[in-house]
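Got the model open in your viewer? Let's walk through it one selection at a time.

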Amino acid sequence: MGITEAILLTIATAATPLLLAAIGELVVERSGVLNLGVEGMMLMGAVAGFGMALTTGQPWLGILAGALAGTLFSLLFGFLALTLVTNQVATGLALTLLGIGLSGMIGEAFVGQPGVKLGALDIPVLSDLPLVGRLLFGQDPMFYISLLLTGGVMWFLFRTRAGLTLRSVGDSHSSAHALGIKVVAIRYLAVMFGGACAGLAGAQLSLVYTTQWIENMTAGRGWIALALVVFASWRPWRVLAGAYLFGAITIAQLHIQATNLSDLASWPAPLYWLAELVKSIPSQFLSALPYLATVVVLVLISRNRRLTMMNTPASLGRPFVPDR
Amino acid sequence: MTGDHARLGEALLDVRGLTKIFGTLRACDGVDLTISKGEIHALLGENGAGKSTLVKMLFGSLEPNAGEILWRGKPVRITSPNAARQLGIGMVFQHFSLFEALTAAENIALSLASDTPISTIAAKAQALSHSYGLPLDPYALVGDLSVGERQRIEIIRCLLQTPDLIILDEPTSVLTPQEADRLFETLERLRGEGKSILYISHRLEEVKRMCDRATVLRHGKVVGHCDPQQETAASLARMMVGSEVHEIVREPAKGAEAAAVLLEVDHLDRAPATPFSIPLRDVSLSVRAGEVIGIAGVAGNGQGEFFEAISGEATQARADTVSIRGENVGLMGISGRRLTGAAFVPEERLGHGAAPAMTLSENLLLSRHATDDKAFLGSAGTVLTGALATAARRINEMMDVRKSAEDPAASALSGGNLQKFIIGRELDRKPAVMIVNQPTWGVDAGAAAHIRQALIELARAGSAVLVISQDLDELFEISDAIAVMHNGELSKPIPIADATFEKIGLLMGGAEPGHVPHEQRMEVA
């Protein structure tokens, strides 16, 4: 396995949790709900997945437990924000804070324990293909699940009636209500889907990306996922592209820090200069890049008001109380 | 259209004692209503009479507290709009229930039964729209469409469900007279097909023209059933209001030709501020002391943009595009323009005309913090509460503002009463130039007459008054000349003596686009 292939593989592993969490949040936001609790739901998924896999020895049960924990945790948000109509921003933030604390408490016993790894698939013959073999046919199952989910969400939102209904609720909940669409029920389903996806993303972190439980191990990935949805202007395929871009930035940053410039002396001059330049950038700046990129994208898309209006769910974050 | 009850078929819908209570307000109080097969039934009433509450209960959006609904003679409970649709009740909403970010076809698909294949809806909608003479592009984004086109989508969407009863909530308030005529043809045709129509309107001429029977509501109660053919517009209005509505008195403006021009708009251009707003193109207009100029137009043809440009909410590139009392104010903001003696009443009351959560006196202070010699401010910038309260009381008495407390929050007032306060607040300044956008939208007939009379009197006392309105009746009542705004262009003003509904209507539909420099206006006059 060459160095390029290895880097690409790690990029895919780093991008997968971002993609999973972001595609779930995209569906939530398309229904007009802003759930800022992604980070908390991911942590709950991570700790539940790790614990389940550790006690049963079954990584797949761990993945399921992660999705379930994310869903249950999102229901708490749903009950507060949709049924009791609390402020969505404040509720989402509270969910994240609660998730950090609760997962830390639950996971106290798991710290330092070796976990169970969800192994990579190895499709015979195909995975031996040069260059793309391992990349496309020898990855862990979560990689495939994340891609299938992205494709599925794309198809669901823009090719099915249910997806149309969901988008209509996000565009104008009062119009949807007047037509007899069950706004709150649809939003509950969307929030639960978002929770399940965040839970999967968390379980991927504790069962694939690393095989251990560390307190607050999501390390801000939930926030990157949230930024990613805006970065992608609520379009699924752009979430995919963005997740891999942000994943690549994360990996590049790690590799650059680990590399000595003297090892690269044999590189052609322009490449060497580039490496030198990148290495001179403080790592904190590179960590901040996804957020910076999101701000830049927000500025760019807001210049085109028409595009913004077309893609931004107009009811996003607005509380809805049906009159009867 | 004889209104002969024997001609009408058996009862399709029978409503008995329907009641809806919001808190202490009985929005609908024991309402009885019978609609026969193949009739157009008018539902009349002032704003707040309970018309919308009643139809929302019929369409399943609201649940009645008491009373029963019989559909084809059988008692039914309509628990949701879906249930209403299944019975065969369709509704065209007053404030459209459309989704701006979706296409026309997608909007239609959302209200059809869920087993309808989405791919066939566009073709079906197109076929139906052509057969009723309501052309429609199913792939157009609703956000890009005009109000008239949006209403077409609503109607097509309703017809695709093949309802037996169609409820139309004030459908013509956003249409040109010609568009309204087309709608009436469609309705006549539907009646011919045996469908029943419940027609809500406050335009009495329309009701007299089309409807077989009418039910009149006042304060949530039915005050009468009548045959509109046998009534006059005045007698219908009396039933709705419960008392005589004062006729507007408008004496012809004397010597207006010689009076000074107080408001001058000179070749005003404005690029669209948002994707759905209209650019203004080369708008010129002058208003002289002593006259009322009306601006007609279908909603969304640039009137809002025009108002913003004159009021200073949007400033211009050149100072001389707008001048008030001879002063070039194009670069000034709202306060600067108000200081020259102008007053503005925007269309949107909450958020533009008044700060919703603040009291009436605070709103009064806000609008005069810089103007009128800062009458409410002491030497150190403190608020003179006594003077403020006196002025607020004076305005409320002058305009007969009905409120629940001495100094309530602006949002606690009904739309009509708040409008009376806002207009009164500006009139109280005795402005030399008064610009009003939709002066009586949503205001009941009695109060509307009061506001219109006050605007005429202001002009006759020597001010220049510019009124932007969608209500043609209103403009004909108060204006000395009417100009029409269509697609961001303003026609030359037509003196009221030469203006007819037909002429103005054609201009509203864009039949005669282009603008004529304001100097030519006097030749016509």
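Select Val292(B) and look across to its bridge partner in E18(B), Val465(B). This is a predicted model, where local features need pLDDT of at least 70, side-chain atom pairs count only at pLDDT 80 or more, and totals for chains, interfaces and linings use all residues. Residues are numbered from 1 along each chain as its sequence is written, with chains lettered from A and ligands numbered from 1 in the order in which they are written.

Now widen the selection to the strands around that pair. Strand E13 (residues 292-296) of chain B runs parallel to E18(B), with 4 bridges between them. Two strands pair if DSSP finds at least two bridges between them; strands (E, at least two residues) and helices (H or I, at least four) are DSSP runs, numbered from the N terminus. Next, add strand E17 (residues 433-437) of chain B, which is parallel to E18(B) and joined to it by 5 bridges. Here Val436(B) has Val467(B) as its bridge partner.

How many residues of E18(B), residues 464-468, are buried? The count is 5 of 5, where buried means 20 or more other C-beta atoms, placed from the backbone, within 10 Å of the residue's own. Color the two faces separately: Ala464(B), Leu466(B) and Ile468(B) lie on one side, Val465(B) and Val467(B) on the other. In a regular strand the side chains alternate between the two faces of the sheet.

Stay in chain B and select the open sheet of 4 strands, ordered E12-E11-E14-E15 and paired antiparallel. Its edges are strand E12 (280-288) and strand E15 (327-328), each pairing on one side only. Strand E11 (residues 261-270) meets E12(B) through 6 bridges, and Leu268(B) sits opposite Val283(B).

Over to chain A: show helix H10 (residues 221-231) and helix H13 (residues 283-303), whose axes (lines fitted to C-alpha atoms over the stretch in contact) are 9 Å apart at an angle of about 25 degrees. That makes the two helices, H10(A) and H13(A), roughly parallel, a label for angles under 35 degrees. For the contact, try sticks on Ile224(A), Ala227(A), Val230(A) and Phe231(A) of H10(A), then on H13(A) residues including Pro290(A), Tyr291(A) and Leu298(A).

Last stop, the interface: 22 residues of chain B are in contact with 18 of chain A, contact meaning C-beta atoms, placed from the backbone, within 7 Å. On the chain B side, H3(B) gives the largest share, 3 residues.

Technical notes:
Two residues are in contact if their C-beta atoms, placed from the backbone, lie within 7 Å. Axes are lines fitted to C-alpha atoms, for helices over the stretch in contact, and angles run from 0 to 180 degrees between N-to-C directions. Angles under 35 degrees count as roughly parallel, over 145 as roughly antiparallel, 65 to 115 as roughly perpendicular and the rest as oblique. A residue is buried if 20 or more other C-beta atoms lie within 10 Å of its own, exposed if 12 or fewer, and partly exposed in between; C-beta atoms are placed from the backbone.
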